[in-house]
Amino acid sequence: MFALGAGAVVLVAAAIVTVVVLMGGNDGSDGSDGSGESSTFTYSATGPWRLMISDHQSGDDVGCTVTASDTAANPPGLSLPASAVYGEESYQMHLVGDFALDVAPADPGCVLQSIDGAGDAPLPFTVQHNGDSTAFQAPGAVEIQVRDFNGSDTCDLVLRDVASGEDIDVVTASPDAPTVRLDPGGHAQVYLAAAGCVTRIAAVS
């Protein structure tokens, strides 16, 4: 799936719930041909949850494109990745209601999973997947160390509130200044959005 601290991995593994996937016009034999066929993922959320996007394609990997399905209404304000996902990415979803998302290519090339709850990772922990971190209880200040910029000149780091998705604090790290601080601003539970960077999250001592 994706790499977190040992405690967070246990929490995530225990929280994965059954996914309902409805095949849309694909025989299921090969989801890696990039033909444009899609699968529809449905989920009913009563609280914060996480969306896991997994790219299992081989050969001509076109990435996984996730869109809101035209066949059902989704909660207003739904935010999805703007570009194709390669590998695995996890996103915090604070909206509640019934979700219907299309992913192309279809399963098994691309798979969507719901992870119930926002998580509660103990600090410190390392996030190696793209997208959002597991949620954690906010200390007085958060220290972020970017351990791998993956070829980028900078890394934009956004601390967000779990319940509302609100941006709390934003900072940009660079190879010359890879360790930065973020202020939770009194929020109780938060998560880090740091697309494309490997980060270590810790409480400021």
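**Exercise 1: the pocket**

Work out which element gives the largest share of the lining of the largest pocket, and how many residues that share holds.

*Solution.* Keep in mind that you're working with a predicted model.

Step 1. Start with the space itself: the largest pocket holds about 540 Å³.

Step 2. Now look at the wall. The lining is made of 26 residues, and those nearest the centre of the pocket are S79, L80, Y91, D132 and R160.

Step 3. Sort the lining by element. β5 (88-93), β12 and β15 are the elements that each give two or more residues to it. The largest share belongs to β5, with four residues.

Step 4. Check the chemistry too. The lining of this pocket splits into 15 nonpolar residues, seven polar ones and four charged ones.

**Exercise 2: the sheet that holds β5**

Put the four strands of the open sheet with mixed pairing in order, and explain which of them stand at the edges.

*Solution.*

Step 1. Walk across the sheet strand by strand: the order is β7-β3-β5-β9, and the pairing is mixed.

Step 2. Look for strands with a single partner. Those are β7 and β9 (130-131), so each has one side left without a neighbour in the sheet, which puts them at the edges.

Step 3. Zoom in on one pair. β3 and β5 run antiparallel to each other and are joined over six bridges. For one of these contacts, start at M52: its bridge partner in β5 is S90.

Step 4. One thing to remember when you look at any strand like these: in a regular strand, side chains alternate between the two faces of the sheet.

**Exercise 3: the other open sheet**

Describe the open sheet of four strands in which the pairing is antiparallel, going from one edge to the other.

*Solution.*

Step 1. Get the order first: β8-β16-β11-β14, with antiparallel pairing.

Step 2. Find the edges. β8 (125-127) and β14 (179-182) each have a single partner strand, so one side of each has no neighbour in the sheet.

Step 3. Add the twist, which averages 25° from one strand to the next.

Step 4. Look at strand β11 (residues 142-148) and its pairing with β14, which is antiparallel and covers four bridges. Here V142 sits opposite L182 in β14, and Q145 sits opposite T179 in β14.

Step 5. Now turn to the pairing of β11 with β16. These two are also antiparallel, over six bridges. Within it, I144 has I201 of β16 as its bridge partner.

**Exercise 4: the disulfides**

Find out how many disulfides there are when two cysteine sulfur atoms must lie within 2.5 Å of each other, and say for each cysteine of these pairs whether it is buried or exposed.

*Solution.*

Step 1. Apply the cut-off, and the count comes to two disulfides.

Step 2. Take the pair C64 and C110, with an S to S distance of 2.1 Å. The link is left-handed, with -90° about the S-S bond. It ties together distant parts of the chain, 46 residues apart: C64 sits in the loop between β3 (49-55) and β4 (65-68), and C110 sits in strand β7 (residues 110-116).

Step 3. Test both for burial, where buried means under 20% relative accessible area. C64 comes out at 0% and is therefore buried. C110, at 1%, counts as buried too.

Step 4. Move on to C155 and C197, whose sulfur atoms are 2.1 Å apart. The torsion about their S-S bond is about 135°, so this disulfide is right-handed. C155 belongs to strand β12 (residues 155-161), while C197 lies in the loop between β15 (189-193) and β16 (198-203); the two are 42 residues apart and link distant parts of the chain.

Step 5. Run the burial test again. C155 is buried at 1%, and C197 counts as buried at 3%.

Step 6. Number the bonded cysteines along the chain and write down the pattern: 1-2, 3-4.

**Exercise 5: a glycine in a loop**

Locate G77 and decide whether G77 is buried or exposed.

*Solution.*

Step 1. Place the residue: G77 is in the loop between β4 and β5.

Step 2. Read off its relative accessible area. The value is 63%, and because exposed means over 50%, G77 is exposed.

Step 3. Compare sequence with space. G77 and L95 are 18 residues apart along the sequence, and their C-alpha atoms lie 8.0 Å apart.

Conventions. Residues numbered from 1 in each chain as written. Predicted model: local features only at pLDDT ≥ 70, side-chain atom pairs only at ≥ 80, totals over all residues. Heavy atoms only, no water. Pairing = 2+ DSSP bridges. Axes fitted to C-alpha atoms, helices over the stretch in contact; angles between N-to-C directions. Disulfide = S-S within 2.5 Å. Buried < 20%, exposed > 50% of the residue type's maximum accessible area, 1.4 Å probe, protein only. 1 Å grid on protein atoms, 1.4 Å probe; cavity = no way out; pocket = protein on both sides within 12 Å on 5 of 7 lines; lining within 4 Å. Points joined across faces, edges and corners; volume = space filled by probe spheres on them. Nonpolar A, V, L, I, M, F, W, Y, C, P; charged D, E, K, R; others polar.
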